[in-house]
Amino acid sequence: MTTKLTWLGHGTWLIDTGEHRVLLDPFLNDNPTCPVQADQVECDFILISHGHFDHVADAAAVARRTGATVIAIFEICQWLQKQGVEESKTWAMNLGGSCQQPFGRVKLTPAVHSSTLPDGSSGGDPGGFLLTLAEGKVYFACDTALFSDMELIGRAGLDVAVLPIGDNFTMGPEDALEAVKLLRPRCVIPAHYNTWPPIAQDAQAWAHRVKEQTGVEAVVLEPGGEYSL
Ligand code: NI
Ligand code: MN
């Protein structure tokens, strides 16, 4: 069985293990590069990295419709319950913690960013996810600046790292290249770029530099494109 990572544009991903479908940071209907609508997505788990609109926009609607369990930091789980998601369908975590789920092990890793929810309430601390799946270890940095503790995350032995390269709201191409050197994944995939003009980037040029300077395979996807583990 293979695990597929499908990029739905911006910071949104669908992880399909064959047995389970995990939606990360659902930003679908208002995401100009997303190839699917929120009412078309099927999943049994949802992961949320932080509270910004472009990561939680469709989370409550998809969770209510599908009955998926949402895994997020405590404050975001509380906010989701106010949006009509049953408490039993939320799984609260905090930074540094791990939990075993039917699709694999989930660790909520730190991120350097902010995390205010759409209604102005606090989304707690922003995070990323280190997933230990049957087919390998995948690190989603999600929205973050470069930070040196990425070297510690890389010690897990990463098969794939998904890094933001858009700049402005997250690290840009230069710092993402440094992140690859700290993380040392087998493969890196860029995300969180080309959604809007302020985060326009040449991902192919970045991938070329990664390969040249680190030897790490860099895979550039189009929205809707997938990578198989
Ligand atoms: Ni953000
Ligand atoms: Mn974002």
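**Two metal ions and an open sheet**

Let us begin in the sheet, where strand 4 (residues 45–47) and strand 5 (residues 69–73) run parallel and are joined by three bridges. What you see is a predicted model, in which local features need pLDDT of at least 70 and side-chain atom pairs count only at pLDDT 80 or more, while totals for chains, interfaces and linings use all residues. Residues are numbered from 1 along each chain as its sequence is written, chains are lettered from A and ligands numbered from 1 in the order in which they are written, and side-chain values use heavy atoms, leaving out hydrogens and water.

A few words on terms will help. Helices (H or I, at least four residues) and strands (E, at least two) are DSSP runs, numbered from the N terminus. Two strands pair if DSSP finds at least two bridges between them. Across the pair we started with, Phe45 stands opposite Thr69 in strand 5.

Now step back to the sheet that holds these strands. This open sheet has seven strands in the order 6-5-4-3-2-1-14, with mixed pairing. Strand 6 (90–93) and strand 14 (226–228) stand at its edges with a single partner strand each, so one side of each has no neighbour in the sheet. On average, neighbouring strands are turned by 20° against each other, direction ignored. Such angles are taken between axes, which are lines fitted to C-alpha atoms, for helices over the stretch in contact, and they run from 0 to 180 degrees between N-to-C directions. Helix 3 (residues 74–82) lies across strand 5 and strand 6, at about 135° to strand 5; contact here means heavy atoms within 4.5 Å.

Next, look at the metals. Donors are N, O and S atoms within 2.8 Å of the metal (3.2 Å for Na, K and Ca), and sites may look incomplete because water is not among the atoms. The nickel ion (ligand 1) has the protein donors His50 (NE2), His52 (ND1), His113 (NE2) and Asp143 (OD), 2.2 to 2.3 Å from it. For the manganese ion (ligand 2), the protein donors are Asp54 (OD), His55 (NE2), Asp143 (OD) and His192 (NE2), at 2.1 to 2.3 Å. Asp143 bridges the two ions, which lie 3.2 Å apart.

How exposed or buried are some of these residues? His50 is buried, with a relative accessible area of 0%, and His52 is buried at 17%. Asp54 and His55 are both buried too. Buried means under 20% relative accessible area, exposed over 50%, and partly exposed in between (1.4 Å probe, protein chains only).
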